[in-house]
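Colleague: Can you walk me through this one? I'd like to start with the ligand.
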Amino acid sequence: MPGIVIVGAQWGDEGKGKITDLLAQQADAVVRFQGGNNAGHTIVRDGTVWKFHLVPSGILYPGKRCIVGNGVVIDPKVLIGEIHELRARRIDTRGLKISANAHVIMPYHRLLDTAGEARLGKLQIGTTKRGIGPAYADKASRLGIRVQDLLDEKILKKKIATALEPHKLALRPYEREPELDLHTMNEEYLTYGRQLQEYVADTTRLVWDALEQGDLVLFEGAQGTMLDIDHGTYPFVTSSNPVAGAACVGAGVGPRDIDEIWGVCKAYTTRVGAGPFPTELADEMGERIRERGNEYGTTTGRPRRTGWLDLVALRYAARLNTLSALAITKLDVLSGLDKVFVCTSYSGEDDAAFDEYPYHQSVLHHARGELIELEAWSEDISDCRSEEELPAPARDFLAFVADFVGAPIAMISVGPGRDQTIWTSTGAESLLGRAALAAE
Ligand code: IMP
């Protein structure tokens, strides 16, 4: 076997990029299983900054298989751009494999995304406008264009024409857009097909083969649990399932193929876009956390909303994903604050109190985080490399989180650099920890 899933345990942007990149070093294959180029992660390697939206983490390691699974929606122009960039910087991309069954984001999906948001006005979701929602909607309507269709000259045009039919009314304001011309679109996407052909594969079988020969396969989630279309803060969510269970569907494996599930979360909370955020700090402290944590979106550059660590939501995420381990990122951002808080329950309208994440949308919209204060620490922790080196209040903070959430902490990140990472004893005993320590 072993299969390991990494998911975001909050509203995305938890720092999965760094953690996945580190863990990918020990893996034989890395598989993306949902989302699209709404995701974005930055990897700093030897002083060079890399930004990826679609290519799985791990591509920078020679010889690694990097798989874009069937559950991903692919904007081929973005993917080809990333491949070109990698090649220009002399990275071998031969390990990249793209599912023939993955769905394709078309120009009309991007326009429909923008039009949909405009129509919602004040109620808008704050999507990334990359066409993610409309592409998944067409997939569910069985009108989607798949990667394999880009390789079939005969059927692509027909499929596009059929897919456009139900969108005619919504697309009327854009009918003069050259990119919507059927012939142009057909030619453009056939060209993408030719450029991607060498990477297209039966990725499900590749993953099975890897698992069967005992390779370590990392399933890399995008976004975060609270943005899950079924379990998140609907309708202020993305259009896929960022929870661990979706790794099975989005890659083509069964639950018994998964051995460990890692949830990544910050030592505080952020979210971009609209929607409930019970621990949001719309004050000077929120601003301080934003600046110290450099909380601006990788994909859209938008300032992120910030707040204290929401343990009610994190415990919910731990259960939804059956997390075997937590990786806590950006603990260094809390250093030097006069006060540190965590949220352990919510209060609502009419003095209602909630220990668990409320399922009802209107209840959630009024929920405010009830905070408890934990001891702060003033020391700079960015040079700490073991749990013992952390100041006692920082260790207590971590112990409180693990205890409340019911999941052990395997890894702690104290800065953006690869070396600014602490493996805890739980982490060292995990499949990846053992592989990492054996490699040292
Ligand atoms: P969409 O995925 O572009 O449809 O956007 C839906 C919601 O998910 C919006 O609130 C976005 O800000 C949020 N979102 C999508 N992708 C990410 C991500 O990678 N990180 C954080 N938020 C995201």
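Modeller: Below we talk through the ligand's surroundings and then one residue at the end of a helix. Keep in mind that this is a predicted model.

Colleague: How many residues surround the ligand, and which are the closest?

Modeller: There are 15 around the ligand. Asp13, Asn38, Thr128, Thr238 and Arg302 are the closest.

Colleague: What does Asp13 do there, in terms of distance to the ligand?

Modeller: One of the polar atoms in the Asp13 side chain is 3.1 Å from a ligand nitrogen.

Colleague: And which ligand atoms pair up with Asn38 and Arg302?

Modeller: Oxygen atoms. For Asn38, a polar side-chain atom sits 2.9 Å from a ligand oxygen. For Arg302, a side-chain N or O atom is 3.0 Å from a ligand oxygen.

Colleague: How much of the ligand's accessible area does the protein cover?

Modeller: The protein covers 96% of it. On its own, the ligand has 470 Å² of accessible area.

Colleague: What classes of residue make up the shell?

Modeller: Six are nonpolar, seven are polar and two are charged.

Colleague: Which domains do they come from?

Modeller: Domain 1 (3-91 + 202-439) and domain 2 (103-198) each supply at least three residues of the shell.

Colleague: New topic. Where does Ala439 lie?

Modeller: In helix α15, which covers residues 431-439.

Colleague: Is Ala439 buried or exposed, and why?

Modeller: Exposed, because its relative accessibility is 59% and the cut-off for exposed is over 50%.

Colleague: How far is Ala439 from Gln26?

Modeller: Along the chain, they are 413 residues apart. In space, their C-alpha atoms are separated by 8.1 Å.

Notes:
Residues are numbered from 1 along each chain as its sequence is written. This is a predicted model: local features need pLDDT of at least 70, side-chain atom pairs count only at pLDDT 80 or more; totals for chains, interfaces and linings use all residues. Side-chain values use heavy atoms; hydrogens and water are left out. A residue is near a molecule or strand if one of its heavy atoms lies within 4 Å of it. A polar contact is a pair of N or O atoms within 3.5 Å; within protein, one must be able to donate a hydrogen and the other to accept it, and residues adjacent in sequence count only if both atoms are side-chain atoms. Accessible areas come from the Shrake-Rupley method with a 1.4 Å probe; for residues, only the protein chains shown count as cover. Ala, Val, Leu, Ile, Met, Phe, Trp, Tyr, Cys and Pro count as nonpolar, Asp, Glu, Lys and Arg as charged, and the others, Gly among them, as polar. Domain bounds come from an automatic or database domain assignment. Helices (H or I, at least four residues) and strands (E, at least two) are DSSP runs, numbered from the N terminus. Buried means under 20% relative accessible area, exposed over 50%, partly exposed in between (1.4 Å probe, protein chains only).
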